[in-house]
Amino acid sequence: MARRGTARERILSAAEEIVVNEGVSSLTFDKVAEVTGLSKGGILYHFASKDALVRAMVERFVYRFETGLSGIEGEDEEPHGRYTRAYVKATMGGAASTGDQYDRLGASITAALSNFPDLLEIVHQQNIRCQAAVETDGLDPVEATIIRLAIEGMWMAEVFNVMHLDPAMKQAVIDRLIARTRPAGAPAP
C-alpha cells in the first residue's frame, strides 16, 4: 500500500492503523514493514524499539488533540469559557484532527497504556495542562471541571462501548455543557 509523507509519518500512520484494526498486541515491526513497504531496518532506523514506536504514537495522539483544540479555541470570539468550549468540541470530534478514527485510536492507546506505564506520564502531563487551562478559563473552576469530567466520561463510555447515547440526546448534552460555559443571558453563536 503506497503512502505519502516522511518515512517516520508513514510508519506512525501504519502503526496506528494496525493498532486500531487489530490491537496493540498485533503491532510488530514486521507488520509495519508490510503495511508501509519499508524494510524492517528502515523502521528500526526511526524507532529503536516497539516501546519507542508506541511512545511516538502516544505523543502524536496528544499533539493532535491539543492542535485540534487550539484551532477550535482560536475560532471562538468570546473569551469567557473559550477553552472549555473548545475542549468539549474537540473531545467530541469537532476538530479536523479528532473524530471517529481518532477515537478508535484513543481507545486502543488508552487500553495499551496499562502495558506501557511509563507512557502514562505523557497523558498525565497533557491532563495537567488541560486542567490548568480549564481552571483559568474565566469560569468557576469547579463548574469548568465538572464540564470537563462530564465530556471525558461521555467520550470514555462511547469509545469503550459501555454506553452510546441516542444522537439527539448526545447533542443535547453537548449543547447543555457548552451553554454552561457562557455568561448568563449570553446568546449562543
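# Helix packing and the largest pocket

User: Which helices each supply at least two residues of the lining of the largest pocket?

Analyst: In this predicted model, the helices that each give at least two residues to the lining of the largest pocket are α4 (50-75), α5, α6 (100-112), α7 and α8 (141-159). The largest share, 5 residues, comes from α6.

User: How much space lies in the largest pocket, and which residues are the closest to its centre?

Analyst: The largest pocket holds about 360 Å³ of space. It is lined by 20 residues, of which Phe61, Val123, Gln126, Glu152 and Trp155 are the closest to the centre. Divided by class, the lining comprises 12 nonpolar, 5 polar and 3 charged residues.

User: What is the secondary structure of the protein as a whole?

Analyst: The protein comes to 9 helices and 0 strands, and its C-alpha atoms fill a box of roughly 60 × 30 × 30 Å along the principal axes.

User: Why is α4 called roughly parallel to α7?

Analyst: The two helices pack at an angle of about 15 degrees, their axes being 10 Å apart. Because angles under 35 degrees count as roughly parallel, α4 is described as roughly parallel to α7. The crossing in which α4 passes α7 is right-handed.

User: Which residues of α4 and α7 meet?

Analyst: On the α4 side the contact has Arg55, Val58, Glu59, Val62, Phe65 and Glu66, and these meet Ile122, Val123, Gln126, Arg129 and Cys130 in α7. By class, the contact of α4 with α7 divides into 6 nonpolar, 1 polar and 4 charged residues.

User: What makes α5 oblique to α7?

Analyst: The axes of helix α5 (residues 82-91) and helix α7 (residues 120-135) come within 8 Å of each other and cross at roughly 135 degrees. Roughly perpendicular covers 65 to 115 degrees and roughly antiparallel begins over 145, so an angle outside these ranges and not under 35 counts as oblique, and α5 is accordingly oblique to α7.

User: How is the contact of α5 with α7 made up by class, and which residues meet there?

Analyst: From α5, the residues Tyr83, Thr84 and Tyr87 meet Asn127, Cys130, Ala133 and Val134 of α7. The contact of α5 with α7 has 5 nonpolar and 2 polar residues, with no charged residues.

User: How do you know that α6 is roughly perpendicular to α8?

Analyst: The axes of α6 and α8 come within 10 Å and cross at roughly 85 degrees. Because angles of 65 to 115 degrees count as roughly perpendicular, the conclusion is that α6 is roughly perpendicular to α8. Asp103, Gly106, Ala107 and Thr110 of α6 make the contact with Trp155, Met156 and Val159 of α8. By class, the contact of α6 with α8 has 4 nonpolar, 2 polar and 1 charged residues, and Gly is counted among the polar ones in this scheme.

Note on methods. Residues are numbered from 1 along each chain as its sequence is written. This is a predicted model: local features need pLDDT of at least 70, side-chain atom pairs count only at pLDDT 80 or more; totals for chains, interfaces and linings use all residues. Side-chain values use heavy atoms; hydrogens and water are left out. Axes are lines fitted to C-alpha atoms, for helices over the stretch in contact, and angles run from 0 to 180 degrees between N-to-C directions. Helices (H or I, at least four residues) and strands (E, at least two) are DSSP runs, numbered from the N terminus. Contact means heavy atoms within 4.5 Å. On a 1 Å grid over the protein atoms alone, a cavity is a set of points where a 1.4 Å probe fits but cannot get out, and a pocket is an open set with protein on both sides within 12 Å along at least five of seven lines; lining residues have an atom within 4 Å of a point. Grid points are joined across faces, edges and corners, and a volume is the space filled by probe spheres set on the points. A crossing is left-handed if the near helix is turned anticlockwise from the far one by less than a right angle, and right-handed if clockwise.
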